[in-house]
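Here's a quick tour of one structure, with the packing first, then a sheet, then one odd charged residue. Have a look at the sequence and model below.

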Amino acid sequence: DWGHGEVSAAAVVVQGNGSGSFSATHQYLDDNPTATLSDLYTITATITDDDGGTDSASTTITVNNVDPILSALSVDSAVIDEDGSVTVSGTFTDVGTHDTHPVAIDWGHGEDSSAAVVVQGNGSGSFSATHQYLDDNPPATLSDLYTITAQINDDDGGTDSASTTITVKHVDPILSVLRVAPAGIDGDR
């Protein structure tokens with residue numbers, strides 16, 4: 001019995017004259033329960049002879065959470081105009097194949113953070129999010145560099161982050177109509 005609801009398995013037994021040994025191997029796909037950085041499992045071996053006699057012995061093992069790894073982060077455009085949008089996307093891996101992975105995007109310079117859309121499979125996944133920069137910030141500049149940071153968390157407290165940058169360019173205003181008051185001023189009046 002591998003503990004915490006893990007699937008039990010039979011061991012390989014090597015039997016001699018009145019004594020013997022056994023061995024078994026188990027892979028812990030995730031630490032359990034979630035929301036902990038490590039968990040203690042009690043492993044119990046039970047032997048039963050052909051006459052129905054049994055004995056058990058136990059030991060413990062600690063299974064540690066492994067942080068997820070952001071392996072790529074990119075933007076669809078490194079330079080945009082103010083009022084333009086950018087999409088950031090990335091990929092990640094995690095040896096805890098049962099973990100879930102929310103991703104938060106910090107768009108930089110006081111922009112509101114947002115959650116990314118995450119698609120995950122067995123130990124890996126991808127994410128993306130889009131943001132519109134309404135203005136370049138700070139004002140009085142022709143362009144500004146923003147640092148975009150993605151932070152991934154797993155459901156056991158593991159985390160990783162990665163950053164990239166984009167430039168948001170100022171766009172000049174456009175004067176579309178210029179009107180002049182009628183020139184009806186007569187010098188004789």
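In the largest nonpolar core, which has 19 residues, Ile105, Trp107, Phe127, Tyr133, Ile148 and Ile166 touch the most other members. A nonpolar core here is a set of buried Ala, Val, Leu, Ile, Met, Phe, Trp, Tyr and Cys residues joined through side-chain atoms within 4.5 Å, and buried means under 20% relative accessible area with a 1.4 Å probe, protein chains only. The elements giving two or more residues to this core are tabulated here, with strands being DSSP runs (E, at least two residues) numbered from the N terminus.

| Strand | Residues |
|---|---|
| β5 | 69-75 |
| β7 | 84-93 |
| β8 | 103-106 |
| β11 | 124-133 |
| β12 | 143-153 |
| β13 | 159-169 |

β12 chips in the most, with four residues. Apart from this core lies another one of five residues, including Trp2, Tyr41, Ile43 and Val63.

This is a predicted model, so to speak of local features takes pLDDT of at least 70, side-chain atom pairs count only at pLDDT 80 or more, and totals for chains, interfaces and linings use all residues. Residues are numbered from 1 along each chain as its sequence is written, and side-chain values use heavy atoms, leaving out hydrogens and water.

Now the sheet: five strands make an open, mixed one in the order β6-β13-β12-β8-β9, where pairing takes at least two DSSP bridges. β6 and β13 run parallel, joined by three bridges, and Ile80 stands opposite Val168 in β13.

Glu82 sits in the loop between β6 and β7. Glu82 is buried but has no salt bridge (a side-chain nitrogen of Lys or Arg within 4 Å of a carboxyl oxygen of Asp or Glu); the nearest side chain of opposite charge, Lys169, is 11 Å away.

Definitions and conventions: Buried means under 20% relative accessible area, exposed over 50%, partly exposed in between (1.4 Å probe, protein chains only). Lys and Arg count as positive and Asp and Glu as negative; His and the chain ends are not counted.
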